[in-house]
Amino acid sequence: RTAGLWGAAFCAGLVNCGSVSLCLRGRRLPWSATESAEEVRRTHRFRGDTSDSTHSHAQRAFTRAAPPRPPPAGPATLRVFSRRATEGPRRKTKMRALVVVLSAQLAAANLKNLAKYVREDAAAGDACSAEQLTVGSWRQTPLQPGWECTQNEHRNCAKKNAQEHRRIAKSLEYRWKPDGCRMRDFDPAVMGGFLRDRKLIYVGDSLNGDMAVSMICMMGGRREAKHIRAIRSNNLISEECKFAKTVAAIERACNKTAIREDWREKLAKQRVNEHDVMILNTGAHWYGGIQKAKVVMGWVSEAINELFHGRLLYRTITFGHEQCHKYSHPGETGPVTMYNWATFPELNAALHEVFSTHPKYTLLNVSMFDMRGDGHIGGGENTGRDCLHYCVPGPINEWNRLLYHNIWDEIHRAA
């Protein structure tokens, strides 16, 4: 009897009800599955209660400070009620514990697979250096299923129609193969293991944003893709600096200190220091000349060197391909006469020199894309309208495979 009474009291406190009657009414449980209304009234009279109200009796019985009295007939019902009231919290506690255990097992499995992959890679040998990667050729390989991306992105050409789907699938068959060395194959599971407690950020123009979307697509829906971000900044500087024509005008419009403070605010706002790898790019919107680029980007570089301490990669600028609808596979392309595209090689050299002052710098050279006239946005039904941007997914998946190879040191350390 005492156990039954304490069970009811515990239940009332557990569900935080004002009275047991309220708990019982919410649960729609009687005092006893076998107890009749007459027995309940007799029990009430036994306790000195002249009312037939179950609600008023229960409320008084559990709110006044009185010694425990014998519970009503059928204490098993109270035990059932107590058990049901505690089942929910217990089940939640068990589920939380299960989630913790499964998460720990998954993390351990990721690290185990990553370590295995690193050992196999070391045994394979002959991996390309950053310089060796740029010497090679485009080779056609069978396209693996599952390349389609679920990202609802405006450059996802393959979603438009069957013809575009075939065109993009064809462009993805061509992979970059360096001569005389081995380029590591991209493995989303290994990249996921690396990104489990690390972050990747792309900073630059729309092409760099496309590269970020491409990497998310290549992750194949893995949850670690949430650690991939992009910041849009076409010229890495303010508009006032962009339109200044000379170095003197630049120094009047914005100076070294202003740019450093602008970047300090930019990086702090985006919490860039929480990221481990930054892929930087600019140039497609640059019309200020090479000397101006060296001066202004030198100030940007000083700010980044001071504020970002992770791995920095500068991705080279790739020019577009006029009349890109004519190209269906990699190869020689026509002359470069549109916009500022012809200045890209010289601008790449200048920006490489500027950003190489970072202590953890790597050049991500994608100059082999001079031969990729296929796979552009304007290569399909939008004939000639956009021959600079590539479809996503598309050929720029190779940019991320090159990135994967170049940050292998970080991946190795993660293992």
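This is a friendly chat about a predicted model, with most of the talk on helix 8 and its contact with helix 14.

Q: How many helices and strands are there in the chain?
A: There are 15 helices and seven strands. Helices are DSSP runs of H or I with at least four residues, strands are runs of E with at least two, and both are numbered from the N terminus.

Q: Anything I should know about the model?
A: It is predicted, so local features need pLDDT of at least 70 and side-chain atom pairs count only at pLDDT 80 or more, while totals for chains, interfaces and linings use all residues. Residues are numbered from 1 along each chain as its sequence is written, and side-chain values use heavy atoms, leaving out hydrogens and water.

Q: Okay, helix 8. Is it mostly covered or mostly open?
A: Mostly covered: 11 of its 13 residues are buried, meaning under 20% relative accessible area with a 1.4 Å probe, protein chains only. Among them are Leu-207, Asp-210 and Met-215.

Q: And in the chain, what share is buried?
A: Of its 415 residues, 46% count as buried.

Q: How do helix 8 and helix 14 pack?
A: Their angle is about 75 degrees, with the axes 8 Å apart. That makes helix 8 roughly perpendicular to helix 14, a label for angles of 65 to 115 degrees. Axes are lines fitted to C-alpha atoms over the stretch in contact, and angles run from 0 to 180 degrees between N-to-C directions.

Q: Which residues meet there?
A: From helix 8, Leu-207, Met-211, Ser-214, Met-215 and Met-218; from helix 14, Asn-397, Trp-399, Asn-400, Arg-401 and Leu-403. Contact means heavy atoms within 4.5 Å.

How values were computed:
Buried < 20%, exposed > 50% of the residue type's maximum accessible area, 1.4 Å probe, protein only. Parallel < 35°, antiparallel > 145°, perpendicular 65-115°, else oblique.
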